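The following note is offered to a colleague who wishes to examine this structure. The points are numbered for ease of reference.

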Amino acid sequence: MTHPQRKARQDTAAGKRARRCLSACLLVGTLLLPSPPVLAAEFTLGDALQRALANQALIQQAERVVAEKAALHRAAHADLLPSLSLAAGSIWTQSRNGRPLFVGANGPREVIGQIQLNIPLYAPQAYALQALAHNQLAVARYQERQARLLVAAQVTAAYYRLALWDNELSVWREALVAVQDLLTATQKSYQAGTRSRLDLTQARLTLAGVQAGLDQAAPEAAAARRVLALQTDYPSSALPALVPISPPAAGLPEETVLTTQAAQAQPLLQVAEGEIQAARTLLHYHQAARLPVVGAMGAYGVDTVTVPQSRELGWQAALTLQMPLFGFGRNRDRIAAAQEHLAAMEAGKRALLLQVQSRIAADYGAAQAADNALRNDRTMAQEAQAVYEMTRKGYLAGALSALALQQAENNWVQARLKLAGAAIRARLARAQLALDSGVLPKSEEQS
């Protein structure tokens, strides 16, 4: 061996030792550095609903309306309480020959300065207005629940839509890895002469089909992620990964249970009942226009036609009665209109109850169909996977063609996509039944 050859070998050995030393140093340095925190947060449906219900402007608007109705209710209640006021004034009246020009005048000059206390003793219309404000507050609270349910329905649909596209992306990615391995094996077999050019072209075509499916699913998943991020007030890039969606384990509740629950908890029906109570109170208000109004007034101060003096301060009390006698039929017509409005509200609630029951019946049938589809798709996916695995083994052994493998692979991918969609639809059907009955849907870990 010549000297240059020995020199080159020594340099090569020294380089190898240096690289081993550098690798060891990097490994030690990696072990000594603190590991980055692991983000284990998974976004459940309950998390999405909690964020949306806390941040959405629709619910904040409903809460402001409730606060407005509560203030009006307090104001209507205060109308039934005594009120304190100040009355002050000075009136000059022209006179002729010592006699005032106006019959109602008490003298050429009148001075009044009193603190007055007004007490409503019997005011049926004021009582009706107070009850009406109470009913309107109840309606506003029911409407707030309705807004929460509407937001929950939108977020639930967005959540499961993203879960569906995430599952489809996962299926396409796994299929892409499997097809890439098959293409690599086909290329080696083609180079060895055991596979034809047609098989290689068919494998490339299969890879292109899977890649096309992945390219189509990716934008849909990104759009679904943006929609859910908007619904939950998250930046799109910061939205956590969704918790894996599993098929529902529990069976469907009885339809009668859902119908009974809807009659008690559905905000639409509660709003309708509150509007009926408000219409009934409005009828009482118009009926109270025929009743007398009794009030009392107490005052302290002066009410004189001369220059007031401090010693002239005194008490004054009054009891008033207002009794309507004849109004040319206006009260009768208003009462008739209020009765018709009440009847319309009651009929509207019955129609709404029928609509809710019909919706539950239709969604219950859809949920049963989704369960049946999930069971059938699970069986089909298992069979398609078994056929694909057998066809793959036969293809690698040279007993089957690439066309048969492509067909088996396509059936396997489509069966997995259907199974992923069936699981999401079964979950979504149960969530829709919960929303129909007036309650928030449960998260995956609760059902």
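**Note on helix packing, voids and one backbone feature**

1. D233 is placed in the loop that joins helix 5 (197–231) to strand 6 (241–242). The model is a predicted one, and the remarks on this residue and on those below should be read accordingly. Although D233 is not a glycine, its phi is positive, at about 60°. Most residues other than glycine have a negative phi. The relative accessibility of D233 is 46%, so the residue counts as partly exposed, the class that falls between the limits of 20% and 50%.

2. Helix 4 and helix 7 (residues 267–288) form a packed pair, with an angle of about 170° between them and axes 8 Å apart. Helix 4 is therefore roughly antiparallel to helix 7, because angles over 145 degrees are assigned to that class. The crossing of helix 4 and helix 7 is left-handed. By class, 15 nonpolar, nine polar and two charged residues make up the contact of helix 4 with helix 7.

3. Two residues of helix 4 may be considered alongside this packing. L132 belongs to helix 4 and has a relative accessible area of 15%, so L132 is buried, the limit for that class being under 20%. Between L132 and A279 the C-alpha to C-alpha distance is 8.3 Å, while the separation in sequence is 147 residues. R145 is likewise found in helix 4; with a relative accessibility of 44%, R145 counts as partly exposed. R145 and Q270 lie 125 residues apart in sequence, and their C-alpha atoms are 9.4 Å apart in space.

4. A158 is a further residue of helix 4. Its relative accessible area is 7%, and A158 is therefore buried. The C-alpha atom of A158 is separated by 5.4 Å from that of L228, with the two positions 70 residues apart along the chain.

5. The next matter is the internal void. The structure holds one cavity of 30 Å³ or more, and the volume of the largest cavity is about 80 Å³. Its lining consists of V179, L182, T186, D199, Q202, A203, T206, Y395, A402, L405, Q406 and E409. Helix 4, helix 5 and helix 9 are the elements that give two or more residues to this lining. Divided by class, the lining of the largest cavity has six nonpolar, four polar and two charged residues.

6. Among the residues that line the largest cavity, V179 and Q406 deserve a separate remark. V179 lies in helix 4 and, at 3% relative accessibility, counts as buried. V179 and Q406 are 227 residues apart in sequence, yet the distance between them is 9.3 Å, C-alpha to C-alpha.

7. Which elements give two or more residues to the lining of the second largest pocket? This pocket has a volume of about 340 Å³ and 13 lining residues, of which Q266, L268, R359, L435 and D436 lie nearest its centre. The elements in question are helix 4 (124–192), helix 8 (330–396) and helix 9 (402–436). The lining of the second largest pocket comprises seven nonpolar, four polar and two charged residues.

8. In summary, helix 4 appears in several of the points above. Helix 4 packs against helix 7 at an angle of about 170°, gives two or more residues to the lining of the largest cavity, and does so for the second largest pocket as well. Of the residues in helix 4 discussed here, V179 is buried, A158 is buried and L132 is buried, whereas R145 is partly exposed.

Key
Residues are numbered from 1 along each chain as its sequence is written. This is a predicted model: local features need pLDDT of at least 70, side-chain atom pairs count only at pLDDT 80 or more; totals for chains, interfaces and linings use all residues. Side-chain values use heavy atoms; hydrogens and water are left out. On a 1 Å grid over the protein atoms alone, a cavity is a set of points where a 1.4 Å probe fits but cannot get out, and a pocket is an open set with protein on both sides within 12 Å along at least five of seven lines; lining residues have an atom within 4 Å of a point. Grid points are joined across faces, edges and corners, and a volume is the space filled by probe spheres set on the points. Helices (H or I, at least four residues) and strands (E, at least two) are DSSP runs, numbered from the N terminus. Ala, Val, Leu, Ile, Met, Phe, Trp, Tyr, Cys and Pro count as nonpolar, Asp, Glu, Lys and Arg as charged, and the others, Gly among them, as polar. Buried means under 20% relative accessible area, exposed over 50%, partly exposed in between (1.4 Å probe, protein chains only). Axes are lines fitted to C-alpha atoms, for helices over the stretch in contact, and angles run from 0 to 180 degrees between N-to-C directions. Angles under 35 degrees count as roughly parallel, over 145 as roughly antiparallel, 65 to 115 as roughly perpendicular and the rest as oblique. A crossing is left-handed if the near helix is turned anticlockwise from the far one by less than a right angle, and right-handed if clockwise.
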